[in-house]
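Open the structure in your viewer and set the display to a cartoon with side chains available on demand. The stops below can be followed in order.

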Amino acid sequence: MLTINNLDILYGDKHLFNNVTARINDNDRIGLVGVNGTGKSTLLKVICNIIETDPGVVNRPKRFSMAYLPQEATALDTGRTIYQEAENAFAETLVLQQDLDEVNRQLAAVEPENAEFSTLLKQQGELQYRLGGIDIFRVQSRIEKVLMGLGFSLEDFDRPSSSLSGGWLMRLMLAKLLLAMPDLLLLDEPTNHLDLDSLTWLENFLLTYDGGLVIISHDRTFLDQVTSITWELSLGRLTAFKGNYSKYVADKEIRMQVERAAYANQQAQIRQTMRFVQRFRAKSTKAKQVQSRLKQLSRMERIELADTEQEVSFHFPPAAPGGRLALDIELLGKGYENRDVFQDVSFQLQRGDKMAVVGVNGAGKSTLMKILAGLVRQDTGEIRPGHNVKISYFGQHQAQELASGLTALQTLSAVAGDMSVTEMRSLLGTFLFKGEEVDKKVQVLSGGEKSRLALAKMIVQPANLLILDEPTNHLDMSSQEVLQEAMAQYDGTIIIVSHNRHFVNHFINKVLEIKNRRATLYEGNIEDYIYKLKILQEGNKIDQRDGTTPGETAVETVVKQKSKAARQEQAKIRQEKSRKLNPLKKRVEQVEEEIGKLETRKKELELLMADPHLYQDQDKFAECSKEYNALERKLERLYQGWEEVQAQIETTEAEFEDLL
């Protein structure tokens, strides 16, 4: 399909790509991963020819179409509405259909004997080939399906596309790419501006997409669902792994163990060689040997550890002491320009609760977070913080409020209390400020770097209630994992908005859904929340007249039915487990009983053989010795058999562990 041959790009003295070779086959689903700065976005631009390379480096078949979604959208000023902009994805198709209609009209008017008839037939075949399997009459329904799947409503279709904010503009660009159905889709962080509903829809769409995919994403769940191949960029090299991201992580760890061992061996060899050189450099009799060793070192291909080997970790400062109740929200409401954002929002959080706020874009998640942080005033309702609650807030505006004249390290030092410079550097390293980068001034940082610095600044300030609005947007996988683990261990309260399901699922215990201007609190993590939504959807399909008892809701009926079915299934599993385990356990009992008898006889023989008088009767001694040796051999076989049966029991129990 598409090949990359010996791609080599050098920036200064650093290889961004060092003889990278790869192949993308039809319908490959590739996740492109690597720490920030390894060149992932650049590689996508090389593949789609935005960045030109030498001839023959990237080979694409004829009649091969590609579409690229960048991380950031450019403003649209075409004068078209949202629907018209989406329809423009079919612009070439619509022209081809018009041409085909014209050729068909001409064919109907020309006799087969006419020389023009053959020419028109040829044009018809060419146009039909170029149209392929596109059903032109289903274009409208396809546009509506994709736009609504990505969160647009029917009322939005006639809005001018130039009125869209950055996030919604990205959705429109993504919609156009999906509608165009190219042979290869190149998506750079497509999930950054999607809510949970749109993200789920996109996953399902891509699972049935008839074409190849290369996706950059820091959303582990999304990659696991959509991809089946993982490309890793590290130190200028590209390595392909079969399987999704989770499979790649498992395989990567095995590779890294081998790589670390090889690296350690090579470093030991280098140290040994250098000790020899330093010891005998001044001796003329060893000059040839010294030169030989130095040549060996110069020819040695040095092993480099991957970027992900730079282990970084940190913990939040201990939460300030406070009462059991962290936050009490009662009948909170907010509106703008005669439009309610949400009404009657009520919930309580205890100390240590960690809650995710979910809902479609525009539902009011960020507005709620700003109200809770005291940055926006609510219209109605009460906010009652618990005793000694200290709030720390992260939102997009923090990045713009950083002091431009300070360095990254100085920015952190101003609020870090008694943290040491080493600790501050370690924390900044977690947020991708490595080495001398901590001395870069805020005014020269990119938007993403400012956001990461603002997050680090928030983290070091003592608090016991953290309010975070999309904290992972500019973090790579390894930094996300560090932050995720720190949040799981944090002993204070957290309220967070994040589209990254894997990230929040690890540590939250409550989900607040804002939908249709109302809020509903669910116990559990994101997986529990999604499962409960499925139950609700199924419950809505049940005819209560046939499916419920008096006073019982459809949802309760579904839960009851699922519980009964689950109990029946669990009973079957337990029966199957018993069927497999009982014979093994019985065998263990038999072996243990036999071992007990033999152990008793062994002790009797040992006492007998310890008696000096036994050696005076050689026949008796020989008989005891023979029985003792035979008994030891038999015990050894029984112990081995016991271990084998125990291993079978453990294996069988492990098989059923996740099922019960």
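What follows is a tour of selected helices, cores and single residues in a predicted model.

**Stop 1: helix α9.** Select residues 245-280, which form helix α9. The helix holds 36 residues, and its first and last C-alpha atoms are 51 Å apart, close to the 52 Å expected at 1.5 Å a residue. Now show the side chains of Y245, Y248, K252, M256, Q266, I270, T273, F276, V277 and F280, which are the buried residues of α9. What do these buried residues pack against? Their partners are β3 (29-33), α8 (220-226), β8 (229-234), β9 (237-242), α10 (287-299) and α16.

**Stop 2: helix α16.** From α9, move to one of those partners, α16, at residues 477-489. The 13 residues of α16 should span 18 Å at 1.5 Å a residue, and because the end C-alpha atoms lie 19 Å apart, the length agrees with that expectation. Colour M477, S479, Q480, V482, L483, Q484, A486 and M487, the buried residues of this helix. In general, an α-helix has 3.6 residues a turn, so residues three or four places apart point the same way.

**Stop 3: the nonpolar cores.** Keep L483 and M487 on display. Both belong to the largest nonpolar core, which has 45 residues. Add F431, L455, L468 and I496: together with L483 and M487, these touch the most other members of that core. Which helix gives the most to the core? It is α15 (residues 447-460), with seven residues. Another core, of 44 residues, lies apart from this one; select Y83, Y209, L213 and L223, which are among its members. As a general tendency in soluble globular proteins, nonpolar side chains are buried together.

**Stop 4: a helix pair.** Select α5 (residues 139-149) and α7 (residues 196-207). Their axes are 9 Å apart and cross at an angle of about 135°. An angle of that value makes α5 oblique to α7. To see the contact itself, show K145, V146 and G149 on the α5 side, and S198, W201 and F205 on the α7 side. By class, the residues in this contact are three nonpolar, two polar and one charged.

**Stop 5: two positive phi values.** Most residues other than glycine have a negative phi. Centre on N19, in strand β2 (residues 14-24). Its phi is near 55°, a positive value in a residue other than glycine. Is N19 buried or partly exposed? N19 counts as partly exposed because its relative accessibility is 46%. Leaving out residues up to four places away in sequence, N19 touches N6, L7 and D8. A distance to check is the one from N19 to I9: these residues are 10 apart along the chain, and their C-alpha atoms are separated by 8.4 Å.

Next, go to M181, in the loop between α6 (166-180) and β6 (184-188). M181 also has a positive phi, near 50°. With a relative accessible area of 35%, M181 is partly exposed.

**Stop 6: two lysines.** Select K45 in helix α1 (residues 40-47). K45 is partly exposed, at 31% relative accessibility. Not counting residues up to four places away in sequence, K45 touches I50, I51 and Y68. Measure from K45 to L186: the two are 141 residues apart in sequence, with 8.9 Å between their C-alpha atoms.

The last selection is K334, in strand β10 (residues 325-336). K334 counts as buried because its relative accessibility is 10%, and the cut-off for buried is under 20%. Show its contacts beyond four places in sequence: D340, V341, F342, T367, I371, V376, R377, Q378 and D379. Finally, K334 and S392 are 58 residues apart in sequence and 22 Å apart in space, C-alpha to C-alpha.

Conventions
Residues are numbered from 1 along each chain as its sequence is written. This is a predicted model: local features need pLDDT of at least 70, side-chain atom pairs count only at pLDDT 80 or more; totals for chains, interfaces and linings use all residues. Side-chain values use heavy atoms; hydrogens and water are left out. Helices (H or I, at least four residues) and strands (E, at least two) are DSSP runs, numbered from the N terminus. The expected span of a helix is 1.5 Å times one less than its number of residues. Buried means under 20% relative accessible area, exposed over 50%, partly exposed in between (1.4 Å probe, protein chains only). A nonpolar core is a set of buried Ala, Val, Leu, Ile, Met, Phe, Trp, Tyr and Cys residues joined through side-chain atoms within 4.5 Å. Axes are lines fitted to C-alpha atoms, for helices over the stretch in contact, and angles run from 0 to 180 degrees between N-to-C directions. Angles under 35 degrees count as roughly parallel, over 145 as roughly antiparallel, 65 to 115 as roughly perpendicular and the rest as oblique. Contact means heavy atoms within 4.5 Å. Ala, Val, Leu, Ile, Met, Phe, Trp, Tyr, Cys and Pro count as nonpolar, Asp, Glu, Lys and Arg as charged, and the others, Gly among them, as polar.
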